Amino acid sequence: MHQDSPKDSWAIRFAQFVQRFGTLKLSIVFVLVTLIVTLGGSYMIRVSLGSDVDPDDFISAVILTMLSAPWVLFFFSELVKQLETSRTNLKEVVSQLEKLREEDVFLNRELQNNIRQLNYEIEQRRSAQEEREAVFKDLEKEIQDKSEQEEQARRLSTLLRSIIDASPDLIYYRNEEGRFAGCNRVAEMMTGKSEKELLGLTPHDVYEEDLARQVVTSDHEVFETNASITEELWLRFADGRRRYFEMRKVPFFDADGKRLGLLAFGRDMTERKIAENAAAKASTDKTRFIATISHELRTPLNGIVGLSRMLRDTDLSEEQFSWVSTIYASAITLGNIFNDIIDLDKLDRDKLELSLKTVSLKDFTEELSSIIRLLAADKSLNLITTINEPLPQLVEVDGTRLRQILWNILFNAVKFTQKGQVSLTVTATKPHKDISLVTYVIEDTGVGIPEAELDKIFAMYYQVDHPDHQSATGTGIGLAICKQMVELMKGEIRVSSEVGKGTRFEIELPLQISKRPMQVEKLQVTDLNILLVEDIELNVMVAKALLEKLGQRVDVAMTGTEAIEKVRKNQYDLILLDIQLPDMSGFDVASTLHEEDLVMQTPIVALTANVIKKREEYLQNGMDDIIAKPIKKSRVIEVFNALFADPMTLRVSDSSESKRDAAKSLNNILDMDLLQMLVDTIGEDMIRASVKVFQDKMPEYMDILLSNLSANEKDEVCAQAHKIKGAAGSVGLARVQRIANQIQQGDHPAWWQNVHDWVEELQMAVPHDMKSLNEWLNEQMVDD
């Protein structure tokens, strides 16, 4: 702000004083002061000049002052006024100038700010321009890259299309509505339509109706579960060819996860299918061949073993006894070779199973040793058998398989030992949780096995390539089968050997201590009226002699027709039925006898040399039990006692009272307690209605089960088996329920290896057991 200068401050203050005091008052004061000054001055001058003071002098001074003072005062007043006015004006001007200066400073600041803003904007615009230029460059590059990418995409699309079209697989995709949205060249060849012609068509427009329904069903499954599926089906090409495809269908989605449809990939598996069918046929043919050859070879073998065994029980010279014993041991050896061949086939088909029975280890070892001792005696070898006590008295083991294991190793020991001895030692550990570790050690003083060969001797068809082994050869399958059987029994087999000094085999088997008594080996029933159906004279002679020696009465039929006629005319306590007859199979004979109700109270026991089939298969075909050829006395006694021995009701003189109760044979396939309870509570009519519903539903259930099994859908197979199990249980089909329960156990470690057999077993059991159930219901109605 402007400030007064020091030189002008008194004048300004005076002017301000005049302005405040008032001009009139100041004028009076000024005149009075002037008069006083004039009078005083005049007086002083007169006095100083020494003149006399004259009043006139004062009057003249007063007059003069009065005349001049107003003008002077007026002049000064005006001057003061002018000065004050000028000062005020000047102050206003200064104030305005100050304002102008402040405005100028503000404007200058604004201008500076504007200049800076302008400079900033200029810089920003320059940066923006540079950025735009960079963006333009990037955009140009992006456009160029995009063009290159589009070109590359076009090339890749062309290449991908070429690859898809060149693929031998069938490829197509359909949208959410199930209409074709694209395909490859194979699909065009298969349908006889171009891709453009296929677009928008449904499977019903392209395939045969049955195939279209199957395809649409699997499509719906993909869409409902959002999961891939695999199916196999035959497709007909436009040129009439039929090809077998394995189709894989998967849902596909866009980047946002929205499902667009499904993709289908089909691999032509025709050659594989043909190969599988050929392999299956070859396997069937091989099994049939082995079964046939087994039957044909076991037939004379049965006679050799049976007659030689019976000859040994007659009065013979020492030399004759030796000859007969050699024949007997050789026949048993040949039988074990047959067993190896049969087990080899079972191993190939994963059908080798264990059949546990109560066995006395001591008796078992002594029986085996007695036969091996005959072979060793022919070569002047000593067989030393050592049974280290204590041994478990009875164990649960598959005696046939154990005998086969030990026989193979002992037979090899005798075969490859020229002099010295063969030893068999058996020991057992103290039982722990009813399990005893039983160890068989077989040692010989034979040629030995080179160390380099030890790891190979358990390989299939392997034979030691060593000069010392050329004198005795074999099939090369015995030890391989032994190892697999030992492993099946959860045991171990070890071997050590030294060339020229001998070989040592050690077999360790964890065996369950048996709490069941052994089958009584003494025959408890005699004087049975038995029909023996056998077409080979030698077998008839051996079996008839054995049965009559056991105190039975035997009638013989050589053909199936003759057997049926005899049963129609006579009442038998037991029928021993050969399976392979010249005019029909034993199964056909049994079926006819059951259909005519000729054997309601008569057990039928199969006589067979075909051990390829499982025991369950014979039972499902109307048999009550089986006896394998060559016929063993112990097996005959076991079966006869199982069928007829009952201490409470047994009367040997009256064979009709020694027959099994018919209901007993049904306990295996029907839940008799449940059925009887249902009869008592809901009535026979309601049960029949339930059975009718089950019978009507089972084909559908089985079709679903088989289709899921073909598609390898394990969970679905188990779920369907669970449904069948529940349905079977509700109508008392106990065996069907048990089989279905096996199938539903998907966590079984060998589920895939066995499920096909279980399903086949289920297919066979359902019609047979339904028939038995209906027969039982009919009996209830008659009883009522």
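**Notebook: helix pairs and cores**

I began with one pair of helices and noted that helix 10 passes helix 11 in a right-handed crossing. A crossing is right-handed if the near helix is turned clockwise from the far one by less than a right angle, and left-handed if anticlockwise. The model is predicted, so I note that local features need pLDDT of at least 70 and side-chain atom pairs count only at pLDDT 80 or more, while totals for chains, interfaces and linings use all residues. Residues are numbered from 1 along each chain as its sequence is written, and side-chain values use heavy atoms, with hydrogens and water left out.

I looked up the geometry of this pair next. Helix 10 covers residues 361-378 and helix 11 residues 399-415; their axes come within 11 Å and cross at roughly 30°. Axes are lines fitted to C-alpha atoms, for helices over the stretch in contact, and angles run from 0 to 180 degrees between N-to-C directions. Helix 10 and helix 11 are therefore roughly parallel to each other; the term covers angles under 35 degrees.

I then listed the residues that meet. Helix 10 brings Phe364, Glu367, Leu368, Ile371, Ile372, Leu375 and Ala376, and helix 11 brings Gly399, Leu402, Arg403, Leu406, Trp407, Leu410, Phe411 and Val414. Contact means heavy atoms within 4.5 Å.

I turned to helix 14 (residues 560-569) and helix 15 (residues 586-595), which pack at an angle of about 25° with their axes 10 Å apart. This pair is therefore also roughly parallel. Gly560, Ile564 and Val567 of helix 14 make the contact with Val589, Thr592 and Leu593 of helix 15.

I checked the cores last. The largest nonpolar core has 50 residues, of which Leu406, Ile409, Tyr440 and Ile507 touch the most other members. A nonpolar core is a set of buried Ala, Val, Leu, Ile, Met, Phe, Trp, Tyr and Cys residues joined through side-chain atoms within 4.5 Å; buried means under 20% relative accessible area, with a 1.4 Å probe and protein chains only. Which residues does Tyr440 touch, not counting those up to four places away in sequence? I found Leu361, Phe364, Thr365, Leu402, Leu406, Leu424, Thr425, Val426, Phe505, Glu506 and Ile507. Apart from the largest core lies another, of 35 residues, among them Ile669, Met698, Leu733 and Val755.

For the whole protein chain, I noted that 40% of its 784 residues count as buried. I also noted 23 helices and 17 strands, which are DSSP runs numbered from the N terminus (H or I, at least four residues, for helices; E, at least two, for strands).

How values were computed
Parallel < 35°, antiparallel > 145°, perpendicular 65-115°, else oblique.
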